[in-house]
Amino acid sequence: MANTRAELIEVARKLFVSQGFDATTMYEIAEHSGRGRRTLYTYFRSKSDIFMAVVDAEVNRLIERIEEILPRNIPADEKLKLYIVNRLDQVKESVVRNGTLKAEFFRNVIQLEHARRRLDNRELNILRTILQEGIEQGIFDIDNASVVAVTIHYSLRGLDIPNIRGQFTALGVPTARLRESIFKMIFQGIVRKQRYVNDLILNN
């Protein structure tokens, strides 16, 4: 049953992307999935219902790829760098992958907040975990992992739109330089001074 629901969601996602939400019908979703409308309505009461399921699936897809960083056996500062890079890449890839879906999604504030809160909470949990590891490893010099996690999270969120729109590239800033700038802004504030100096020496 889980597979059937997942298949219906993916078929709906592709139709929403190619045709737009308004132009897609429940009949088309059922037809393209190879399943009858009775099966579709067993899982979803309406087109809006399946649309929110698509959005939830995309949020899960994005965050699960980021969460793959957590079990890696590497120092916390390297793990945080991976988180920053993966997050920027995954958000951009998700928007490109979903084109029309995302355009229509962002027009609905209620649905945006529904998904945004879930994404925020899971991202904050990842950041808190990494920062706490860094404190325990003697890498990060911070008093409160939760406060710093919120600060980093919303700073990175502010980069989403200009990154997606290619504004940094338009300013002549290549991806590698953008990442280094972000690393410097964040790590100068939280990494123990001697470790940061050592990293600069090694990288130059």
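This dialogue works through aromatic pairs, burial and charge-over-ring contacts in a predicted model.

User: How many aromatic pairs does a search of the whole structure find, and by what is such a pair described?

Analyst: A pair of aromatic rings is described by the distance of the centres and the angle of the planes. In this structure, the search returns five aromatic pairs. For Phe16 and Phe51, the ring centres are 5.6 Å apart and the planes meet at 70 degrees, so this pair is edge-to-face. It joins distant parts of the chain, with Phe16 in helix α1 (residues 2-19) and Phe51 in helix α4 (residues 47-67), 35 residues apart.

User: Are Phe16 and Phe51 buried or exposed?

Analyst: The cut-off for burial is under 20% relative accessible area; Phe16, at 1% relative accessibility, is therefore counted as buried, and Phe51 is buried as well, with a relative accessible area of 4%. Together with Phe21, Phe16 and Phe51 form one aromatic cluster.

User: What geometry does the pair of Tyr43 and Phe44 have?

Analyst: The pair of Tyr43 and Phe44 is tilted, with 6.4 Å from centre to centre and 40 degrees between the planes. Phe44 has 1% relative accessibility and so counts as buried.

User: Over which rings does the charged end of Lys81 sit?

Analyst: The charged end of Lys81 sits over the ring of Phe183, 5.5 Å from its centre, and also over the ring of Phe187, 5.7 Å from the centre of that ring.

User: Which residues of helix α2 are buried?

Analyst: In helix α2 (residues 26-33), the buried residues are Met26, Glu28, Ile29, Ala30 and Ser33, while Gly34, just after α2, takes a positive phi of about 75 degrees.

Terms used: Residues numbered from 1 in each chain as written. Predicted model: local features only at pLDDT ≥ 70, side-chain atom pairs only at ≥ 80, totals over all residues. Heavy atoms only, no water. Buried < 20%, exposed > 50% of the residue type's maximum accessible area, 1.4 Å probe, protein only. Helix = DSSP H or I, 4+ residues; strand = E, 2+ residues; numbered from the N terminus. Phe/Tyr/Trp six-rings, centres within 6.5 Å; stacked < 30°, edge-to-face > 60°. Lys NZ or Arg CZ within 6 Å of the ring centre and 35° of its normal.
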